[in-house]
Amino acid sequence: MSSRFVRTLRTPAGITVIAGVVIVLLATVFGPVLFGEAASARDIAGRQQGASLEHPFGTDELGRDLLARVIVATRISVLLTLGATGISVVGGVIVGIVAAVLPSFARRLVNALIDILLSFPWLLLALFFSVIWGTTATGAMLAVGFAGIPVFGRLVSTLASSVAGSDFVHAARILGSSPLRTAVRHVVPNILPPLLVNTASHASVTLLSFAALSFLGLGVQAPEYDWGRLLNEGARRIYVDPMAAIGPGIAIVLTGVVFSLLGALFSEKRSGRTLRALPRRSRAETRAIFTVPDTAPVVEAVDLRVSFRAEDGGVVERVHGVSLSVAPGEIVGIVGESGSGKSVTAMAIAGLLGPDSLVESDTLVFRGIDMTREPTSVEKRRLALEQAMIFQDPLSSLNPSLTVGRQLREVSEIHGRTGRAAALARAVEALTLVRIPDAARRLGQLPHEFSGGMRQRAMIAMGLMGSPRLIIADEPTTALDVTVQRQVLRALRDAQRSTGAAILLISHDIALVSGFCDRVIVMRHGRVVEELAADRLDEARHPYTRGLIACVPDMGTDRDEPLPVIDAGEPVPEQKEIVA
Amino acid sequence: MSELEFRQVSVRYGHGRSAHLAVDSADLVVRGGTTHGLVGESGSGKSTMARIAVGLTPVSGGSILLDGVDITDRAKEARLARRRVQMVFQDPFSALDPRMPIGASIAEGLLATGRSYSRLDREARVHALLDRVQIDPSRAGESPSAFSGGQRQRITIARALAAEPAVLIADEITSALDVSVQGVVLNLLRDLQQELDLTMLFISHNLAVVRYVSDEVSVMRAGRIVEHGETSTVLAHPTDPYTRELLRSVPVMGEPLELEDA
């Protein structure tokens with residue numbers, strides 16, 4: 001994290017921000033020392049001059065150099081900003097943490113109070129407070145600072161309550177850690193990064209607030225001056241000498257921008273550059289229409305390699321030359337552990353990998369469509385109808401705000417160009433096939449009204465709305481109970497039987513895959529380790545496959561023996577570095 | 001050896017018409033020094049049983065006794081007794097504070113013992129615990145992100161052990177892990193249970209795993225314990241229809257899944 005931050009600082013934006021911060025700091029620390037004299041030296045003869053080389057911002061009514069005054073005013077402006085921001089942040093953290101730690105009734109009360117305060121404009125609060133503390137610089141600082149507390153209180157209490165719900169906070173509580181200790185040791189460190197970002201951008205707003213208050217005469221009082229007051233004085237003759245007002249304005253804007261950029265820098269994530277460059281097609285190619293014989297493999301991949309951009313900007317290959325083919329109607333399982341590349345392989349076959357990935361292969365064909373190239377519109381349509389994808393988490397693959405029926409119909413209405421009534425009838429048919437009772441009524445419901453297993457079966461039904469030739473199911477039952485898993489697999493098999501589609505089932509559970517599939521492909525570290533018929537698992541030759549079979553306890557495992565453990569002695573996958 | 005007894009416990013979420021009984025007068029005894037498996041589907045209330053035992057969720061009725069002391073109480077005695085019941089969570093990624101070195105996380109477990117440790121003692125204890133769960137003790141200063149899922153789960157086990165628990169509750173501790181890692185964690189847990197004479201409540205939806213580690217097993221459905229007995233008896237001769245359905249749904253290596261209704 002820290003090394004990444006240092007790297008961020010070296011970017012052009014980082015260097016700009018550092019330079020800005022240094023200039024503001026120098027002006028704050030040394031400004032009054034170096035320019036104090038120039039800023040207070042009166043020169044009645046040269047009063048109210050316009051911008052000149054000698055006085056870039058001009059002079060005021062007592063002939064004092066405005067540039068010097070702007071530089072000198074940096075200290076008071078920045079200090080007041082930092083003071084007020086400090087009050088807002090510290091107060092907000094205290095209020096927010098207290099609100100998160102309190103029992104639920106008191107917490108609701110505090111949150112309601114924060115809500116009420118948030119609904120007032122900050123300026124109103126600041127005016128209210130400046131009545132209490134008087135119209136002095138300190139009074140304004142307290143006013144702006146206190147007016148910011150509800151903002152941070154809300155932020156901190158929201159952040160803290162999400163941290164407070166995590167297991168490590170529960171664990172601390174079970175271990176007898178007091179609420180205060182938990183807040184200090186666990187909650188504060190975990191909300192710090194977003195808090196820093198918000199503090200920096202809040203500082204820039206505070207700076208403007210001060211300028212506004214002083215401009216209105218509610219902030220810094222004469223003979224002291226900050227940028228807001230200088231702006232006020234300059235604004236009176238803005239039509240005569242615009243630089244007198246623009247000068248302090250420049251200082252306010254630049255400092256505000258520096259604070260904002262600092263916040264943006266804290267939140268900076270290295271944006272992934274595009275890795276993929278799909279070759280475009282010629283016109284002739286676009287027009288060509290393939291006819292696909294029904295005996296040809298549905299999927300044919302030869303030497304498939306997939307690389308991703310690594311954190312440090314290099315390129316890491318995650319799938320190293322996988323070859324596989326799926327025959328029409330065949331059920332193939334890919335088994336492997338996390339990081340084995342099984343999901344990435346499936347996603348590459350479906351053409352669903354994002355622009356941060358690089359897919360290379362000798363051949364990667366889905367029913368005559370070359371998946372290494374950008375698909376034509378005809379091909380896109382065919383892909384939409386002939387490929388179905390089922391993911392592990394059905395709640396995130398269904399749109400929560402559209403009815404299940406609408407999402408089912410979409411496939412045939414948009415890609416299949418079927419009428420609404422026909423699509424509806426088809427949707428009822430599909431839901432019935434996956435054994436969801438009362439299909440017509442269920443179609444009008446939203447995804448959250450379905451149970452996990454039913455949502456997964458609805459996803460299968462969605463695949464049935466086209467004319468699927470391949471159903472890719474990526475860990476479709478991992479989040480489900482065994483009894484529900486059985487229903488989902490039954491729906492998947494029914495779908496396969498009624499459409500003749502092939503299935504590519506990705507799972508970490510070798511027992512499940514062997515029980516459901518015709519053929520099993522075992523993957524490890526981005527390579528195919530072994531490929532064998534599901535009913536011949538006992539003939540597995542590779543030690544990893546054998547280990548995988550042995551290490552899973554089943555209903556006949558000897559309970560007095562320790563479980564066999566897979567030897568992790570195999571080399572770590574080599575990382576291919578490509579200079580990008 | 002301590003005995004943990006759930007006596008007629010109920011947990012109700014919500015109020016009025018939306019109230020929902022997560023646990024419905026459940027009785028369960030985890031005998032001292034044994035492992036008791038608790039199986040059931042999601043929403044059956046099995047995780048709620050874990051949460052009420054460690055005090056994360058209050059009970060609405062009934063009592064939980066640790067060696068005869070009711071730990072659902074608010075009294076000081078009950079609170080101290082409750083710390084002797086510790087829990088290992090399902091997700092090793094959220095169970096460790098990402099901003100705290102793992103050594104400090106484990107040292108947090110020492111809080112529950114109620115004793116004060118000198119800095120050296122604390123380090124020595126963390127060292128010993130890391131060693132016990134087969135993690136290089138010199139890595140105590142590293143943050144959780146430097147460890148794999150299986151290693152993290154072993155670290156959370158070490159944290160629970162630091163509390164010197166009488167009862168350990170394992171809530172789906174291997175369901176987020178790869179199968180090859182699952183074996184390592186299960187072996188470790190079995191060794192620890194025998195070595196420290198721990199009383200353990202092992203919650204899982206995976207029947208085969210529960211069968212492997214448990215002496216006795218209870219099956220939960222819709223908040224009720226529907227079947228209970230010795231592991232081998234229950235699994236060989238299930239009497240409740242739900243248990244039978246559960247057994248039939250478990251995929252068996254190399255055998256086609258039975259997908260038709262019986």
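**Close-up views of a predicted two-chain model**

**View 1. An antiparallel strand pair at one edge of a sheet in chain B.** B:Leu65 stands opposite B:Asp70 in S5(B). This pair belongs to a predicted model, in which strand S4 (residues 61-66) of chain B and S5(B) are joined in the antiparallel sense by 2 bridges. The wider setting is an open sheet of 4 strands, ordered S2-S1-S4-S5 (chain B), with antiparallel pairing. Its edges are formed by strand S2 (20-30) and strand S5 (69-70) of chain B, each of which pairs on one side only. Strands of a sheet pair through backbone hydrogen bonds, either parallel or antiparallel.

**View 2. The mixed sheet of chain B.** A further open sheet in chain B has 6 strands in the order S6-S7-S8-S3-S9-S10 (chain B), and its pairing is mixed. Because S6 and strand S10 (224-230) of chain B stand at the edges with a single partner strand each, one side of each is left without a neighbour in the sheet. From one strand to the next, the twist averages 20 degrees. Within this sheet, strand S3 (residues 35-39) of chain B and strand S9 (residues 216-221) of chain B run parallel and are paired over 4 bridges, and B:His36 has B:Glu216 in S9(B) opposite it.

**View 3. Helix H1 of chain B and the strands it lies across.** Which strands does helix H1 (residues 46-54) of chain B lie across, together with S2 and S4 of chain B? One is strand S1 (4-13) of chain B, and H1(B) runs at about 110 degrees to S1(B). H1(B) also lies across S3, S6, strand S7 (167-171), strand S8 (199-204) and S9 of chain B, where the angle to S7(B) is about 145 degrees. The strands named in these two descriptions include S1 and S4 of the sheet ordered S2-S1-S4-S5 (chain B), as well as S3 and S9 of the sheet ordered S6-S7-S8-S3-S9-S10 (chain B).

**View 4. The side of chain B that touches chain A.** The contact between the two chains takes 46 residues from chain B and 48 residues from chain A. On the side of chain B that touches chain A, at least two residues each come from strand S6 (85-88), helix H3 (102-109), helix H6 (179-196), helix H7 (207-213) and helix H9 (241-249) of chain B. H6(B) gives the most to this side, with 6 residues. By residue class, the side of chain B that touches chain A consists of 24 nonpolar, 11 polar and 11 charged residues.

**View 5. Chain A as a whole.** The secondary structure of chain A comprises 21 helices and 11 strands. Along its principal axes, the C-alpha trace of chain A spans about 100 × 65 × 60 Å. The radius of gyration of chain A is 33 Å, whereas a compact globule of 580 residues would have one near 25 Å.

**View 6. A strand pair and a hairpin in chain A.** Strand S1 (residues 299-309) of chain A pairs with strand S5 (residues 363-366) of chain A in the antiparallel sense, over 4 bridges, and A:Val302 lies opposite A:Thr363 in S5(A). S5(A) is also joined by 2 bridges to strand S6 (residues 369-370) of chain A, and these two strands run antiparallel. A:Val365 has A:Asp370 in S6(A) as its bridge partner. The hairpin of S5(A) and S6(A) has 2 residues between the strands, and A:Arg367 in this hairpin takes a positive phi near 45 degrees.

**View 7. Helix H18 of chain A between two descriptions of packing.** Two packed helices are described by the angle between their axes and the distance between the axes. For helix H15 (residues 404-415) of chain A and helix H18 (residues 452-464) of chain A, the angle is about 25 degrees and the axes are 8 Å apart, and H15(A) and H18(A) are therefore roughly parallel to each other. The crossing in which H15(A) passes H18(A) is right-handed. A:Val404, A:Gln407, A:Leu408 and A:Val411 in H15(A) meet A:Ala458, A:Ala461 and A:Met462 in H18(A), a contact of 6 nonpolar residues, 1 polar residue and no charged residue.

The axes of H18(A) and helix H19 (residues 482-499) of chain A come within 9 Å and cross at roughly 10 degrees, so H18(A) and H19(A) are also roughly parallel to each other. Among the residues making this contact are A:Gly452, A:Gln456 and A:Ile460 of H18(A), together with A:Val484, A:Ala491 and A:Thr499 of H19(A). The residues of the contact of H18(A) with H19(A) divide into 7 nonpolar, 6 polar and 1 charged.

Methods. Residues numbered from 1 in each chain as written. Chains lettered and ligands numbered in written order. Predicted model: local features only at pLDDT ≥ 70, side-chain atom pairs only at ≥ 80, totals over all residues. Contact = placed C-beta atoms within 7 Å. Nonpolar A, V, L, I, M, F, W, Y, C, P; charged D, E, K, R; others polar. Axes fitted to C-alpha atoms, helices over the stretch in contact; angles between N-to-C directions. Parallel < 35°, antiparallel > 145°, perpendicular 65-115°, else oblique. Left-handed = near helix turned anticlockwise from the far one by under 90°. Pairing = 2+ DSSP bridges. Rg over C-alpha atoms; globule rule 2.2 N^0.38 Å.
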